[in-house]
Amino acid sequence: MNGGDDEDVVVVAASSGDQSPPLQWRFSQVFGERSAGEEVQPVDMISAIEFDHSGDHLATGDRGGRVVLFERSDAKHSSGGRRDLEETDYSVRHPEFCYKTEFQSHDPAFDYLKSLEIEEKINKIRWCQTANGALFLLSTNDKTIKYWKVQDKKIKKICDINADPSGAVGNGIVANGVPEALRLPVVVTSHESSPVAKCRRVYPHAHDYHINSISINSDGETFISADDLRINLWNLEISNQSFNIVDVKPEKMEDLSEVITAAEFHPTHCNMLAYSSSKGSIRLIDLRQSALCDSHSKLFEEPDAAGSKSFFTEIIASVSDIKFAKEGRYLLSRDYMTLKLWDINMDSGPVSTFQVHEYLKPKLCDLYENDSIFDKFECCISGNGLRAATGSYSNLFRVFGVSPGSTETATLEASRNPMRRHVPVPSRPSKLGSILGRGGSESTAGVDGNSSNALDYTTKLLHLAWHPNENLIACAAGNSLYMYCA
């Protein structure tokens, strides 16, 4: 994989005059970029992206079951001397990453009891706590979760053996207890280290349906895995037992009205987690209430809008991803058309709603016929909680300011030239309000002038991640990993 060089292409986000200066986004790096006309194999397409908690490492998973690790290579981690500190005052460096290693996490399998093929595609990757200089992470496909350890191992080389070039020992006489004909190493030195991945544990046979989410608890000891109907709680050290904490499966499957679409632990409270549903609702549950969390402590859903409902209303309301902000008070959710910000202390409705591609509404019939309406777009939020990002079609992704009263927006294309396809700046939101002291911005317009006919529905930007400490976004376009900094 080759990393791209920086380019002087800058995207300035639109913002209202009374806000802080908008971020200027520019292309930073690219890995795995193919030349024009070169065919991309399906197994090479990226299906998961995740930064670790420190932001020093980035992991991607692909449809071929491989996990690729990148590590930060810039001079952020200096010696801490006076000269280094003075240099940082004059130049602000954005994070740069380099390839570290890759390994085969999952292989294709076959369920003989159900006569089903199990794809090797990586659905999710989650980083665990580091220990003794080693990296730990969880990866999952549709059925099996694996716990990996990646650690640098020094390569040992033989520098000398017990051969006597002068032949003084000769005649088969044993010297120092070693026969002359037996050549053994006597000097072994350690040279450069190389990362080695080892599977520590496998968590199999716990889900009847495809796993859509895994999330590490803040206690560093437990994690959850979720499929369409159940959420299981695991201990990292125990692979043969899990506890079912949420079960939405009805007695009769014909009574099934909604499924679980995503689940996420609270970042600071180990007893709390949230999960979303195909009906557009998000439930917050407290593990202290009962062993089986059939009831929720809070329910977040959009109030029913006035007007007639269509066949597509429930389909586009399905939540595809949820993310807690770093401090844990706010929760970001993505459905097919919008990005919503929720305050977990206020369950009357979302604080802010951002239209991602409102201009697709007239095309819902076409999107349903080609199954694009079922695409699962992910979302991410910055470490300071001021901005959020999510993807769209034609390899476009959008960045929104989510701070009170902010109207900052930016639309970029995942390419070396993010403005190669001209996208006009969205108009100012038609409604600005404040809900319980929190300013809410509701953008009712899509990208002005951007015709849905010009979009390429086969190139969709589903996966992206925001660096936990810097304004850096990593996003996947096919098999290529693009990074943008501000």
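How many disulfides does the structure hold? The exercises below start there.

The model is predicted: local features need pLDDT of at least 70, side-chain atom pairs count only at pLDDT 80 or more, and totals for chains, interfaces and linings use all residues. Residues are numbered from 1 along each chain as its sequence is written, and side-chain values use heavy atoms, with hydrogens and water left out.

**Exercise 1. Cysteines**

Task: Count the disulfides, then examine Cys380 and Cys270.

Solution:
- Step 1. Apply the cut-off: a disulfide is a pair of cysteine sulfur atoms within 2.5 Å.
- Step 2. The count is 0 disulfides.
- Step 3. Take Cys380. The closest cysteine sulfur belongs to Cys379 and lies 7.2 Å away, so it is too far for a bond.
- Step 4. Check cover. Buried means under 20% relative accessible area, exposed over 50%, and partly exposed in between (1.4 Å probe, protein chains only).
- Step 5. Cys380 has 6% and is therefore buried. Cys270 has 38% and counts as partly exposed.

**Exercise 2. The chain as a whole**

Task: Summarise the secondary structure, burial, contacts and surface of the protein chain.

Solution:
- Step 1. Count elements. Helices (H or I, at least four residues) and strands (E, at least two) are DSSP runs, numbered from the N terminus. The chain has 3 helices and 33 strands.
- Step 2. Check burial. The chain has 486 residues, and 49% of them count as buried.
- Step 3. Check contacts, meaning heavy atoms within 4.5 Å. Take contacts between residues at least 6 apart in sequence: 58% of them join residues at least 24 apart.
- Step 4. Check the surface, using the Shrake-Rupley method with a 1.4 Å probe. The chain exposes about 23700 Å², and carbon and sulfur atoms supply 49% of that area.

**Exercise 3. Strand β18 and its neighbours**

Task: Say how many residues of β18 are buried, and describe how the strand pairs.

Solution:
- Step 1. Strand β18 covers residues 272–277, and 6 of its 6 residues are buried.
- Step 2. Sort the side chains. Met272, Ala274 and Ser276 point one way, while Leu273, Tyr275 and Ser277 point the other way. Both groups are buried.
- Step 3. Find the pairing. Two strands pair if DSSP finds at least two bridges between them.
- Step 4. Strand β17 (residues 260–265) joins β18 through 5 bridges, running antiparallel. Glu264 has Ala274 of β18 as its bridge partner. The two strands form a hairpin with 6 residues between them.
- Step 5. Strand β19 (residues 282–286) also pairs with β18 in the antiparallel sense, over 5 bridges. Tyr275 has Arg283 of β19 as its bridge partner.
- Step 6. The hairpin of β18 and β19 has 4 residues between the strands, and Gly280 there takes a positive phi near 90°.

**Exercise 4. An open sheet**

Task: Which strands are the edge strands of the sheet β13-β14-β15-β16?

Solution:
- Step 1. The sheet is open, has 4 strands in that order, and pairs antiparallel.
- Step 2. The edges are β13 (213–216) and β16 (238–247), each pairing on one side only.
- Step 3. The twist averages 25° from one strand to the next. Axes are lines fitted to C-alpha atoms, for helices over the stretch in contact, and angles run from 0 to 180 degrees between N-to-C directions.
- Step 4. Strand β15 (residues 230–235) joins β16 by 5 antiparallel bridges. Ile231 stands opposite Val246 in β16.

**Exercise 5. Aromatic rings**

Task: Count the aromatic pairs and classify the one formed by Tyr393 and Tyr457.

Solution:
- Step 1. Rings of Phe, Tyr and Trp (its six-membered ring) pair if their centres lie within 6.5 Å; planes under 30 degrees apart count as stacked, over 60 as edge-to-face and the rest as tilted.
- Step 2. The whole structure has 23 aromatic pairs.
- Step 3. The centres of Tyr393 and Tyr457 are 5.2 Å apart and the planes stand at 85°, so the pair is edge-to-face.
- Step 4. Place the residues. Tyr393 is in the loop between β26 (387–391) and β27 (396–401), and Tyr457 is in the loop between β30 (438–443) and β31 (464–466). The two are 64 residues apart, so the pair links distant parts of the chain.
- Step 5. Tyr393 is buried at 0%, and Tyr457 is buried at 18%.
- Step 6. Phe27, Phe397, Tyr482 and Tyr484 form one aromatic cluster.

**Exercise 6. Positive phi**

Task: Compare Asp371 and Asn395: buried or partly exposed?

Solution:
- Step 1. Most residues other than glycine have a negative phi.
- Step 2. Asp371 has a positive phi near 65°, and Asn395 has a positive phi near 60°.
- Step 3. Asp371 lies in the loop between α3 (364–369) and β25 (379–381). Its relative accessible area is 48%, so Asp371 is partly exposed.
- Step 4. Asn395 lies in the loop between β26 and β27. Its relative accessible area is 16%, so Asn395 is buried.
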